[in-house]
Amino acid sequence: MRVDVYTRHDAFIKTIAGDELLGFVHTDELNGSDSVEITTRFRLCEGYRLIWKDRLGKVHEHVCQDPQDTRAADGSIVCTDTALNSICELMGDYIDDKRPYGYSFRRALEVCLEPTRWQVGTVDQAGTVSSGLTFYHTDCRSALNAILECGGELETEVSVSASGAITRKVGIRQHRGDADGHRRFE
């Protein structure tokens, strides 16, 4: 496995792989937590972006939150962090006053993402959002959560090139994954 590290401004720093990557656990809950617990010999900084591919070839992007350095028994530095899905950056984007009640899920998502660098991805959730839905003096992540309370499942999609992430999309799916799955992972 390899993890590409970028600055908060999408400048490439380094690829972590092999002996440098000591631990990597991805946790993804439906409409909930999407985080990575990473342990590495490379010193991470808050705001660094970790871009990696899962076994199915899907690209993920996570943002380092509070890296901690410790000394290993051999005297080397070991860095650990719990990085959040890069959609967490929507907490820094602000909506003053929008009232998308009665809109389709796609249109409500477009309104929510207007002040961000994120684009609308696949939206196949049918129907409309709640008739009382308003975005008033709130951050875009809270607005997105309000849309999801009306229905659908959150899906993020990141496209990369040699220079890093080139597109970031948010989708609202009627059902994420296969309904005929026979395995449960915890």
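**Contacts, cores and cysteines in a predicted model**

Visitor: Which residues does Thr-80 touch, not counting those up to four places away in sequence?
Guide: This is a predicted model. Thr-80 sits in strand S8, residues 77-85. Leaving out sequence neighbours up to four places away, Thr-80 touches Ile-38, Thr-39, Asp-66, Pro-67 and Gln-68.

Visitor: How far apart are the C-alpha atoms of Thr-80 and Thr-39?
Guide: Along the chain, the two residues are 41 places apart. Thr-39 is also among the contacts of Thr-80. Their C-alpha atoms are separated by 4.4 Å.

Visitor: Is Thr-80 buried, partly exposed or exposed?
Guide: Buried needs under 20% relative accessible area, and exposed needs over 50%. Thr-80 has 30%. That value falls in between, so Thr-80 is partly exposed.

Visitor: How many helices and strands does the protein chain have?
Guide: The chain has 186 residues, and 40% of them are buried. Its C-alpha trace spans about 60 × 40 × 30 Å along the principal axes. The count is 2 helices and 13 strands.

Visitor: Among contacts between residues at least 6 apart in sequence, what share joins residues at least 24 apart?
Guide: Thr-80 and Thr-39 give one example of a long-range contact, with their positions 41 residues apart along the chain. Across the protein chain, the share for residues at least 24 apart is 54%.

Visitor: How is the aromatic pair of Tyr-6 and Phe-12 classed?
Guide: There are 2 aromatic pairs in total. In this one, the ring centres are 5.4 Å apart and the planes meet at 70 degrees. Planes over 60 degrees apart count as edge-to-face, so the class of Tyr-6 and Phe-12 is edge-to-face.

Visitor: Which residue of that pair is buried?
Guide: The cut-off for buried is under 20% relative accessible area. Phe-12 has 45%, so Phe-12 is only partly exposed rather than buried. At 4%, the buried residue is Tyr-6.

Visitor: Where do Phe-24 and Trp-52 lie, given that their rings form an edge-to-face pair?
Guide: Their ring centres are 5.0 Å apart, with planes at 75 degrees. The pair links distant parts of the chain, 28 residues apart. Both residues are buried. Phe-24 is in strand S3 (residues 21-28), and Trp-52 is in strand S5 (residues 49-53).

Visitor: Which elements give two or more residues to the largest nonpolar core?
Guide: This core holds 23 residues. Cys-112, Phe-135, Leu-144, Ile-147 and Val-170 touch the most other members. The elements asked for are helix H1 (105-113), helix H2 (140-149) and strand S13 (164-173).

Visitor: How many residues are in the other core, the one that includes Leu-21?
Guide: This core lies apart from the largest one. Its members include Val-36, Ile-38 and Leu-44. Ile-38 is also a contact of Thr-80. The core contains 15 residues.

Visitor: How many of the residues of H2 are buried?
Guide: The buried ones are Cys-140, Arg-141, Ala-143, Leu-144, Ala-146, Ile-147 and Leu-148. Strand S9 (94-98), H1, strand S11 (135-139), strand S12 (153-161) and S13 are included in their cover. H2 is mostly covered, and the count is 7 of 10.

Visitor: Which residue has a side-chain oxygen close to the backbone nitrogen of Arg-141?
Guide: The contact is at the start of H2. Arg-141 is itself one of the buried residues of H2. The oxygen reaches to within 3.1 Å of that nitrogen, and it belongs to Asp-139.

Visitor: Which residue with a positive phi follows H2?
Guide: Residue 149 closes H2. The phi in question is near 140 degrees. The residue is Gly-151.

Visitor: How many disulfides does the structure have?
Guide: Cys-45 is in none; its nearest cysteine sulfur, that of Cys-79, is 7.9 Å away. Cys-150 is in none either, with the sulfur of Cys-112 nearest at 12 Å. Both distances miss the 2.5 Å cut-off. The search of the whole structure gives 0.

Visitor: Which side chain makes a polar contact with that of Ser-86?
Guide: Ser-86 is in the loop between S8 and S9. Its relative accessible area is 0%, so Ser-86 is buried. Contacts beyond four places in sequence include Arg-49, His-62, Val-63 and Trp-118. The polar partner, at 2.9 Å, is Glu-61.

Notes:
Residues are numbered from 1 along each chain as its sequence is written. This is a predicted model: local features need pLDDT of at least 70, side-chain atom pairs count only at pLDDT 80 or more; totals for chains, interfaces and linings use all residues. Side-chain values use heavy atoms; hydrogens and water are left out. Rings of Phe, Tyr and Trp (its six-membered ring) pair if their centres lie within 6.5 Å; planes under 30 degrees apart count as stacked, over 60 as edge-to-face and the rest as tilted. Buried means under 20% relative accessible area, exposed over 50%, partly exposed in between (1.4 Å probe, protein chains only). Helices (H or I, at least four residues) and strands (E, at least two) are DSSP runs, numbered from the N terminus. Contact means heavy atoms within 4.5 Å. A nonpolar core is a set of buried Ala, Val, Leu, Ile, Met, Phe, Trp, Tyr and Cys residues joined through side-chain atoms within 4.5 Å. A polar contact is a pair of N or O atoms within 3.5 Å; within protein, one must be able to donate a hydrogen and the other to accept it, and residues adjacent in sequence count only if both atoms are side-chain atoms.
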